Amino acid sequence: MELKINQDHCLGCGACIIVCPINKKINPEITSGNGPTSTDVIMIVENGVIKLFHPEKCDKCNICHETCPTNAIYLTK
């Protein structure tokens, strides 16, 4: 499985970034609703869209997909 983003559906809201447990572990200030301060995380909002930096760090928990209001972020099979 691989993490993917459909940019045509992404609103850039950042909900996926905030709920991601891996992002929280790497960059704990995300928990307070701030964006990541490092590109060591899986994904960040850049210019209004989500950009994947390290999808290989994803543990396939699917919380990002469940949180996304447009189902723009998902795991491929």
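This text walks through the strands, the core and the cavities of the structure. The model is a predicted one.

Start with the strands. Strand S1 covers residues 2-5 and joins S4 through 4 bridges. The two run antiparallel. In this pairing, Leu 3 stands opposite Leu 75 of S4. Strand S4 itself spans residues 73-76, and its side chains alternate. Ile 73 and Leu 75 point to one face and are buried. Tyr 74 and Thr 76 point to the other face and are not buried.

A second pair is formed by S2 and S3. These strands are also linked by 4 bridges, in the antiparallel sense. Glu 46 has Val 49 in S3 as its bridge partner. The hairpin of S2 and S3 has 2 residues between the strands. Asn 47 takes a positive phi there, near 55 degrees.

Now turn to the core. In soluble globular proteins, nonpolar side chains tend to be buried together. Here the largest nonpolar core holds 19 residues. Those with the most contacts inside this core are Leu 3, Cys 16, Ile 42, Met 43, Ile 50 and Ile 73. Four elements give two or more residues to the core: S1, helix H1 (15-19), strand S2 (43-46) and S4.

Three residues show how the parts meet. Cys 16 sits in helix H1. Its relative accessibility is 6%, so Cys 16 counts as buried. Setting aside residues up to four places away in sequence, Cys 16 touches Met 43, Ile 50, Cys 64 and Ile 73. Cys 16 and Ile 63 lie 47 residues apart in sequence, yet their C-alpha atoms are 7.5 Å apart in space.

Ile 42 comes next. Beyond its neighbours within four places in sequence, Ile 42 contacts Leu 3, Cys 20, Ile 22 and Asn 23, among others. Its further contacts include Lys 51, Leu 52, Phe 53, His 54 and Pro 55. Lys 57 and Cys 58 are also among the contacts of Ile 42.

Cys 58 lies in the loop between strand S3 (49-52) and helix H3 (63-67). Cys 58 is buried because its relative accessible area is 14%, against a cut-off of under 20%. With neighbours within four places left aside, Cys 58 is in contact with Leu 3, Ile 42 and Leu 75. Leu 3 and Leu 75 are the residues that stand opposite each other across S1 and S4. Pro 28 is 30 residues from Cys 58 along the chain, and their C-alpha atoms are separated by 16 Å.

Last come the cavities. A search of the whole structure finds 2 cavities of 30 Å³ or more. The largest cavity has a volume of about 110 Å³. It is lined by 14 residues, and the closest to its centre are Cys 10, Cys 13, Cys 16, Ile 50 and Cys 68. Cys 16 and Ile 50 are also listed among the core residues with the most contacts. By class, this lining has 11 nonpolar, 3 polar and no charged residues.

The second largest cavity has a volume of about 60 Å³. Its lining includes Leu 3, Ile 42, Met 43 and Cys 58. Cys 20, Pro 21, Ile 22 and Asp 59 are also among the lining residues, as are Cys 61, Asn 62 and Cys 64. This lining divides into 9 nonpolar residues, 1 polar and 1 charged. Leu 3 and Ile 42 thus recur: both line this cavity, and both rank among the core residues with the most contacts.

Terms used. Residues are numbered from 1 along each chain as its sequence is written. This is a predicted model: local features need pLDDT of at least 70, side-chain atom pairs count only at pLDDT 80 or more; totals for chains, interfaces and linings use all residues. Side-chain values use heavy atoms; hydrogens and water are left out. On a 1 Å grid over the protein atoms alone, a cavity is a set of points where a 1.4 Å probe fits but cannot get out, and a pocket is an open set with protein on both sides within 12 Å along at least five of seven lines; lining residues have an atom within 4 Å of a point. Grid points are joined across faces, edges and corners, and a volume is the space filled by probe spheres set on the points. Ala, Val, Leu, Ile, Met, Phe, Trp, Tyr, Cys and Pro count as nonpolar, Asp, Glu, Lys and Arg as charged, and the others, Gly among them, as polar. Buried means under 20% relative accessible area, exposed over 50%, partly exposed in between (1.4 Å probe, protein chains only). Two strands pair if DSSP finds at least two bridges between them. A nonpolar core is a set of buried Ala, Val, Leu, Ile, Met, Phe, Trp, Tyr and Cys residues joined through side-chain atoms within 4.5 Å. Contact means heavy atoms within 4.5 Å.
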